[in-house]
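Q: Please take a close look at a single part of this structure, starting from its backbone. Then work outward to the charged pairs and to the rest of the chain.

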Amino acid sequence: MKDNKPYVVQNLQPHFTIKSPWWKQTMDFLGAGFLIILLSPLFILAAIGIKLLMPGPVMFTQIRAGKGGVPFKMYKFRSMVVDAEQLKAALLIQNERDGPAFKMNDDPRITPFGHFIRKSSLDELPQLINVLIGDMSLVGPRPLPVYEDKNMSQWHVIRRELKPGITGLWQISARDNANFDHWIRLDLFYINNLSLWLDIKILLKTIPAVLFGRGAM
């Protein structure tokens with residue numbers, strides 16, 4: 001899904017006294033709890049599909065950089081072969097995104113069922129648990145793996161000022177854009193314009209982005 005509204009960062013320096021507002025914490029806790037209950041049948045179906053079609057564990061965990069760069073364990077339904085992390089080094093030369101983040105559209109490590117749960121964003125559902133326990137937010141900058149986060153440029157690290165999110169401006173407006181700096185500018189726009197209405201708008205626009213399968217989140 002393409003968002004017709006351009007998100008322009010007038011000032012790349014955010015307010016460094018950022019504190020998550022009460023409404024955001026409340027919305028995260030109540031929203032994550034509600035969605036886990038509402039989507040529990042999808043949790044069960046995804047877990048059964050992985051168990052039947054993909055030898056190995058149902059869940060994939062990875063250490064990612066959270067608020068302030070503090071590492072946390074992020075949960076996903078496993079969409080790749082068991083030894084995917086070990087195979088990644090050989091694929092780095094085929095990275096389709098500039099900057100430290102890795103992205104490969106035809107990643108050979110993804111299984112057939114893994115392609116399905118990625119296309120439908122079912123693999124991201126366990127991150128609602130991360131939101132519920134306070135590691136993540138429903139909306140915010142996407143968390144990078146620690147080794148990618150450490151390779152960011154100095155001005156990129158401003159994105160660490162807020163908790164990472166399941167969805168954000170990049171997911172609804174530029175998921176096919178390979179430019180890492182553009183991704184960061186969207187994060188900075190979000191940080192500088194944080195509001196309840198912006199969060200609601202991003203959440204609403206995430207629904208068609210997921211339904212139409214425009215890129216993996």
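A: Ser121 is found in the loop between α4 and α5. In this predicted model, Ser121 has a positive phi of about 65°, although it is not a glycine. Most residues other than glycine have a negative phi. Ser121 counts as buried because its relative accessible area is 7%, and the cut-off for buried is under 20%.

The same loop, between α4 (112-119) and α5 (127-132), also holds Asp123. Asp123 makes a salt bridge with Lys76, and the closest N and O atoms are 3.4 Å apart. The partner Lys76 sits in strand β2 (residues 71-77), 47 residues away from Asp123, and the pair thus links distant parts of the chain. Both Asp123 and Lys76 are buried. On the far side of the loop is α5, which has the highest mean pLDDT among the elements of the chain, 98.

A second charged pair is that of Glu148 and Lys88, whose side chains meet in a salt bridge at 3.2 Å, N to O. Glu148 belongs to helix α6 (residues 146-149) and Lys88 to the loop between α3 (84-87) and α4, so the salt bridge ties together parts that lie 60 residues apart in sequence. Glu148 is buried, as its relative accessible area is 6%. Lys88 is buried as well, at 10%. Beyond these two pairs, salt bridges with shared partners join Lys76, Asp123, Glu124 and Arg142 into one network. Leaving aside residues up to four places away in sequence, Lys88 touches Phe102, Arg109, Tyr147 and Glu148. The element just before the loop of Lys88 is α3, which has the lowest mean pLDDT among the elements of the chain, 86.

Side chains of opposite charge can pair when their charged atoms come close. Under the cut-off of 4 Å between a side-chain nitrogen and a carboxyl oxygen, the count comes to eight salt bridges. One further case is Asp199 with Lys24, where the closest N and O atoms are 2.7 Å apart. Asp199 is in helix α9 (residues 196-211) and Lys24 in helix α1 (residues 22-38), with their positions 175 residues apart in sequence. Asp199 has 0% relative accessibility and therefore counts as buried. Lys24 is buried too, with a relative accessible area of 3%.

Helices α1 and α9 appear again around α8: what covers the buried residues of α8 includes α1, β3 (137-139), α7 (169-173) and α9. Those buried residues are Phe180, Trp183, Ile184, Leu186, Asp187, Leu188, Phe189, Tyr190 and Ile191. The geometry of α8 (residues 180-192) can be checked by its length: at 1.5 Å a residue, its 13 residues should span 18 Å, and its end C-alpha atoms are 19 Å apart, which agrees.

Not everything at this end of the chain is covered. Leu196, Trp197, Ile200, Leu204, Ile207, Leu211 and Phe212 form a nonpolar patch on the surface, with about 770 Å² of accessible area together. An α-helix has 3.6 residues a turn, so residues three or four places apart point the same way. Phe212 lies in the segment after α9. Its relative accessible area is 58%, over the 50% cut-off, and Phe212 therefore counts as exposed.

As for the setting, the chain has nine helices and four strands, and along the sequence they follow the pattern α-α-β-β-α-α-α-β-α-β-α-α-α. Of its 217 residues, 47% are buried. Of the contacts with a separation of 6 or more, 73% are between residues 24 or more positions apart. The accessible surface comes to about 11,100 Å², and 64% of that belongs to carbon and sulfur atoms.

Last, the confidence. The mean pLDDT of the chain is 86, and 87% of the residues score at least 70. Over residues 8-17 pLDDT stays under 50, and for this stretch the model has 17 contacts beyond four places in sequence. Where pLDDT is low, the predicted coordinates should not be read in detail.

Note on methods
Residues are numbered from 1 along each chain as its sequence is written. This is a predicted model: local features need pLDDT of at least 70, side-chain atom pairs count only at pLDDT 80 or more; totals for chains, interfaces and linings use all residues. Side-chain values use heavy atoms; hydrogens and water are left out. Helices (H or I, at least four residues) and strands (E, at least two) are DSSP runs, numbered from the N terminus. Buried means under 20% relative accessible area, exposed over 50%, partly exposed in between (1.4 Å probe, protein chains only). pLDDT is the predictor's confidence in each residue, from 0 to 100. Contact means heavy atoms within 4.5 Å. Patches are made of residues with over 30% relative accessible area and no salt bridge: like charges are joined within 9 Å, nonpolar side chains (Val, Leu, Ile, Met, Phe, Trp, Tyr) within 5 Å. Accessible areas come from the Shrake-Rupley method with a 1.4 Å probe; for residues, only the protein chains shown count as cover. The expected span of a helix is 1.5 Å times one less than its number of residues.
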